[in-house]
Amino acid sequence: MALTSFVGQLVCPLREVHKAWEDPSIIKWRKRDAHVTLRCHDTVEGSLKYWYNRCKVDFTVSDSATWNDDAISTALECAAYWVKDLPFVMSLSGYWKFFLAPNPEAVPDNFFDDCFDDSSWVPLPVPSNWQMHGFDRPIYTNVVYPFPINPPYVPSENPTGCYRQCFRIPQEWKGRRILLHFEAVDSAFVVWVNGIQIGYSQDSRLPAEFEITNWCHPFDSDKDNIIAVQVMRFSDGSYLEDQDHWWLSGIHRDVLLLSKPHMFIADYFFTSSLGENFLYADVQRYPGFHGYQLVGRLERPKLWSAEHVIIHLVISLKDESGNLVDCESCLIGIRKVSQAPKQLLVNGQPVIIRGVNRHEHHPRLGKTNLEACMVQDLILMKQNNINAVRNSHYPQHTRWYELCDIFGLYMIDEANIETHGFDHSSHLRHPSEEPIWAFSMLDRVIGMVERDKNHACIIAWSLGNEAGYGPNHAASAGWIRGRDPSRVVHYEGGGSRTPSTDIVCPMYMRVWDIVKIANDPRESRPLILCEYSHAMGNSNGNLHAYWDAIDANHGLQGGFIWDWADQGLLKEGKDGCKHWAYGGDFGDSPNDLNFCLNGITWPDRTPHPAMHEVKHVYQPIKVSFKENKIMIANKQFFEPTEALEFSWQLDGDGRSLGFGILDLPPIEPQTAYAIEWEAYPWFSLWESSSATEIFLTITVKLMHNTRWAREGHIVSSTQLCLPKKRKWAPHEIRITENVNLVAESIGDAIAIRKHNVWEVIFNVKTGTIESWKVEGYRLVQKGMLPCFWRAPTDNDNGGDQNSYASKWKSACLDRMVFYTESCSIQNLTEQSVQIKTVYYAFKTDETEKLDSVSTSGDKSPIGNALFKIDVTYHVHGSGDVIIEYLVKPRSDLPPLPRIGLDFQIDKSLDQIKWFGKGPFECYPDRKEAAHVGIYEKNVEDLHVPYVVPGESSGRADVRWVAFLNSRGIGLFAAAYGDSPPMQMSASYYSTQELHRATHNEDLIKGEHIEVHLDHKHMGLGGDDSWSPCVHEQYLIPPVPYSFSLRLCPVRASKSCQDIYGSQLPK
């Protein structure tokens, strides 16, 4: 059957008609060949004005980013803005008439006719995804297809959107050709103009352009031109679009009309060849006419990189009389991408990729883009030292590329090909090996390259993601290398080391394994992780380990974190407010729950705490202290430090000792400057200080505004622990006050008090401090008990039955009961009381046996105990309580979540002050960015609202912490004796509540504040989120542990620093 004969019947309601959307050999009809974005300028001056305005973009634009319902109208404003000053480009974006049919056979008869009555249809904004406006439902899957896999067929119940819009041709377009341009439609569509079928296309992320000149009513006609579009949610193309994101449908990018003369510039390709030492550049421009090439030479060209900016290109077409016929333009940058053994070079330098993966995602709009939101993404990336982005996993909005050119960001551009779901269908041949899919796969690669080929930001073309490996990939790689040898080819599939990739680009490979590849003499390609550090929830542990390896090993050249933003969608909750929703929240099935929440920002681009760690390990100025020298290294490749200000601050035991500006000479790229540490003012301050711990912080700030940040923005910050001047000694309080304590036993309680000042009551049955009052205020509301459990994070849950959480639950760590074997006064003097408690921790199913023991007097079944805990309390007349713990876990337990104690304090003690790492959330394997200092926060502000709750809000390396009320009265706690600093958290939400709730908005505050003081806390992990991957040094093996804590009342008359100072060695 001829192509025209059956495509002409694509939407016939008769069931026997051939369905092109289920035929991989039919991917387009009457669609113009792929080409660069056309601007259709009327004059050269007009093109220069256009780019002048387009490049007037900086960090202030991001202030208008909107992530709520206002984004709907903003999307239409952006569509108008993007064609401003283009007289021969008209945006058709706006409200279109829309009808959703349950399947292609159910579309209204002849809805594409001029005379069709669409008055009952609803208005739908274009661009948009119809699921984001109440039609159909979003579906989130990671691997599985949202329909039974039976290629190339899709379900008969295939939601189908019908669109109608009208337009008129401007008078100025008289006698010119008219092109209808769809920037992207998901997933397959047919288009009519004035009842005439114009064409068909699929590929949800690339443009489809059709010439409609002969089917338009002229400008002087009294008739409107009618566009009708039928969009199928699923097509055979969907089998190539199984990316890890929401399945959303419709015309989600702009629709344009372009007007061109009869002879016009249809395409052009700018390339450059840099001469020796980059002293000149030979440039070539291929203007789209077969056999034609424009050449020239630039002397001493200014080169583009992520640290430099771009220049313009204008191409004009004139007739033989010199009159302008057509004019096109784009942004270009002169730069060279090349390779050396184990290196990817940009302008001759082995730039380090400090990257992130980015999906197109807006929590209200879905896949539709806004100018200010894209700018905000870029601003945040640049401000957090991210210099590269991988477009995961498809070509993105054309403005995104322009912005990356303008702001300076390296890019991997990726073809819209992913077939991950075939990994679970071994009975089917993989599309990468099937000739019938070859044309479709290659067409997607060609479309990407031809559209984006002039963008300087792109340093690599990617063949797609998680699509296996086969001859179809080899063909695509071969085509790219032939078409554009100025860039490298990237593809991870097939093991990341196939002949179809110029970069070894594994995903989630462990640190030790990437080091092995880097040191393999048989591998000559650089290794750049295409995905690493899976940022799901409270994650991104071990980042510093990757960067220690990258900095130390030739051949390791960085990577792209997975990923940029949590892909949560706004959904109204039971409370009438909108919250972040994930897979399954829309009734979508199948779904992969919250696996779409993998970002280092929330959906509205509020950074996660892990962003601090990213910024730190990515920072371009590195500071280290070696052999009495402070080394300041400029890790940039093209920029010296002339535009940066260096400052220092010295702190001892939390108090400021001094600060100042560092007067340094400019440090050239890839060089370091050594400071003799004794020659700067901080040395005398260090020498004269009696502080136990002294830290020197070197901060690097911008001296002037840049396009991406204001003056004073912190680029890098490093805290150095300076040498100690005396031998380490255990902490020990020095009590000078002569106080008579009152201690008495009353029933099951032991009360110890200092008259009218404080009172501590122990419950003999539970062995805990049941109550602690200071000046009439009750501080402790629930007893202090050992704690070995945490609310599992997403990483804890990863690995099914092999996960940490599964093993913890199998061992009943989440539901233990503590049996108090004994609790008694061991020693009593006028100035101190010593109480000792012995606990055994049992599984809950041992409860009946324990009850039997308590009533019969039989010997305790200690052989079944999971833990034995000896706790000794030393209560001093000063009000200090020293708690000594000896914890003995059963040796067959899995690695433990934590070793510590928890208790509940009164809600009035909601002001938290601590001396330790901060001010943001940090954990043992994610704390490099956090500086030791004294910080204050409200309990409410300590909470980190991850979309799915779990262990969170912790602070690492805490020397002391105080829980205070508004009058400055409260409870002080510090690591004591020879115990290391603590991991601390305080929350209105209990561990059980954090485990119970599936969404942050579901959390219910408790009556009190739950406090955790941990001697040991397991790392977060993050190498991936589907296997247990906390590094060994951050695990807590089931072996004996001992530690000590000091607790004491705080009164407004005495500072926490003074209390802490009383226990420091002198």
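A strand here is a DSSP run of E with at least two residues, and strands are numbered from the N terminus. Strand E3, residues 94-101, is such a run, and Lys97 is found in it. The model on screen is predicted.

**Whole chain**

Start with everything shown as a cartoon. The chain has 17 helices and 56 strands. Its radius of gyration is 33 Å, close to the 31 Å from the globule rule for 1066 residues, so the chain is as compact as a globular protein of that length. Turn the C-alpha trace onto its principal axes: the spans are about 110 × 70 × 55 Å.

Next, colour by relative accessible area. Buried residues account for 63% of the 1066 in the chain. Switch to the surface: about 39800 Å² is exposed, and carbon and sulfur atoms supply 50% of that area.

A contact map is a useful companion at this point. Of the contacts between residues at least 6 apart in sequence, 73% join residues at least 24 apart.

Now select the charged side chains. There are 102 positive and 133 negative charges, and the mean positions of the two sets lie 3 Å apart.

**Strand E29 and its partners**

Select residues 556-561, which form strand E29. Is this strand mostly covered or mostly open? It is mostly covered, with 6 of its 6 residues buried.

Add residues 353-358, strand E23. E23 and E29 run parallel and are joined by 4 bridges. To see one pairing, label Ile353 and its bridge partner in E29, Gly558.

Then add residues 527-532, strand E28. This strand also runs parallel to E29, with 3 bridges joining them. Label Leu527 here and Leu556 in E29, which stand opposite each other.

**Lys97**

Return to strand E3 and centre the view on Lys97. How exposed is Lys97? Its relative accessible area is 26%. The partly exposed class runs between 20% and 50%, so Lys97 is partly exposed.

Show the residues around it. Leaving out those up to four places away in sequence, Lys97 touches the following:

- Asp118, Ser119, Trp121 and Val122
- Cys162, Tyr163 and Arg164

For a last distance, pick the C-alpha atoms of Lys97 and Asn277. The two residues are 180 apart along the chain, and these atoms are separated by 59 Å.

How values were computed. Residues numbered from 1 in each chain as written. Predicted model: local features only at pLDDT ≥ 70, side-chain atom pairs only at ≥ 80, totals over all residues. Heavy atoms only, no water. Rg over C-alpha atoms; globule rule 2.2 N^0.38 Å. Buried < 20%, exposed > 50% of the residue type's maximum accessible area, 1.4 Å probe, protein only. Contact = heavy atoms within 4.5 Å. Areas by Shrake-Rupley, 256 points an atom, 1.4 Å probe, with all protein chains shown as cover. Lys, Arg positive; Asp, Glu negative; His and termini not counted. Charge placed at Lys NZ, Arg CZ, Asp CG, Glu CD. Pairing = 2+ DSSP bridges.
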